[in-house]
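Visitor: I'd like a close look at one part of this model rather than a tour of everything. Could you pick a single spot and follow its contacts outward?

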Amino acid sequence: MKGKFHCRSCGRALTGEVTVQSLKDPGVQNPDFIDQRPVCAEGSGFKSYEPLQRSHDSSNPAALEFVPQYWLNPADFEATGKITSKRGRTNGCCGMDGCDGPNIECRECGTEIGTKQSDCWTPLIFVPDPDNTEFRKTET
């Protein structure tokens, strides 16, 4: 399916057109998670029904322990997103590890739009926040 991600607060388009493949589709190969490499090419992504992170404590879920979630290339959000100024959200040694909550905000209105992982021990990935972003299909 093709569509664009939008900020729910201000309505701004956050991406150009993105082609998203469902990981429930048996013909879609699971992405490779290789440190410092994008999970997918720009303009493409995956819809996953498995969370990117899991906690070992059910009373304290990991920041990215929700489903479904989209796995996208961070470059698709660079023009419309900005790094948060909230302390503790940009932890990492060489980049952002994405373990502490949303770290990218809408450049237009400041709403938290998702979590970017870009550290040396993580793949390059962006996971939009489902409460603050919306995927709008551009084809049927």
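Guide: Let's start at Cys109, which at 36% relative accessibility counts as partly exposed (between buried, under 20%, and exposed, over 50%; 1.4 Å probe, protein chains only). Bear in mind that this is a predicted model, where local features need pLDDT of at least 70 and side-chain atom pairs pLDDT 80 or more, while totals for chains, interfaces and linings use all residues. Numbering runs from 1 along each chain as its sequence is written, and side-chain values use heavy atoms, without hydrogens or water.

So what about cysteine pairing? A search of the whole structure turns up 0 disulfides (sulfur pairs within 2.5 Å). Cys94 is in none, with the sulfur of Cys93, the nearest from another cysteine, 3.6 Å away. Cys94 is also exposed, at a relative accessible area of 58%. Back at Cys109, there is no disulfide either: its nearest cysteine sulfur belongs to Cys7, 3.6 Å away.

Now follow Cys94 to a neighbour, Ser118. Ser118 is found in the loop between strand 7 and strand 8 (125-128) (strands are DSSP E runs of at least two residues, numbered from the N terminus). At 16% relative accessibility, Ser118 counts as buried. Leaving out residues up to four places away in sequence, Ser118 touches Cys94, Gly95, Met96, Gln36, Pro123 and Leu124 (heavy atoms within 4.5 Å). Take Gly95 from that list: Ser118 and Gly95 sit 23 residues apart in sequence, yet their C-alpha atoms are 4.9 Å apart in space.

Gln36, also touched by Ser118, deserves a stop of its own. Gln36 lies in the loop between strand 2 and strand 3 and is partly exposed, with a relative accessible area of 40%. Phi of Gln36 is near 65°, positive in a residue other than glycine. Most residues other than glycine have a negative phi, and most peptide bonds are trans. On the second point, have a look at the bond from Val67 to Pro68: that peptide bond is cis, with omega near -10°. Pro68 lies in the loop between strand 3 (44-48) and strand 4.

Step back from Ser118 into strand 7 (residues 112-117), and you reach Thr115. Thr115 is buried, at 4% relative accessibility. Again skipping residues up to four places away in sequence, Thr115 touches Leu64, Gly98, Gly101, Pro102, Asn103, Ile125, Phe126 and Val127.

Two names in that list, Leu64 and Val127, will come up again shortly, but let's take Phe126 first. Phe126 is one of the residues touched by Phe77, along with Phe5, Leu14, Thr15, Leu72, Ile113 and Pro128, not counting residues up to four places away in sequence. And that takes us inside: the largest nonpolar core has 14 residues, and Phe77, Phe5, Leu14, Tyr70, Leu72 and Ile113 touch the most other members (a core joins buried Ala, Val, Leu, Ile, Met, Phe, Trp, Tyr and Cys through side-chain atoms within 4.5 Å). Strand 1 (2-7), strand 2 (18-22), strand 4 and strand 6 (104-106) each supply at least two residues of this core. Apart from it lies another core of 9 residues, and among them are Leu64 and Val127, as well as Val39 and Trp71. Recall that Leu64 and Val127 are both touched by Thr115, which brings the walk back to strand 7.

How values were computed. Helix = DSSP H or I, 4+ residues; strand = E, 2+ residues; numbered from the N terminus.
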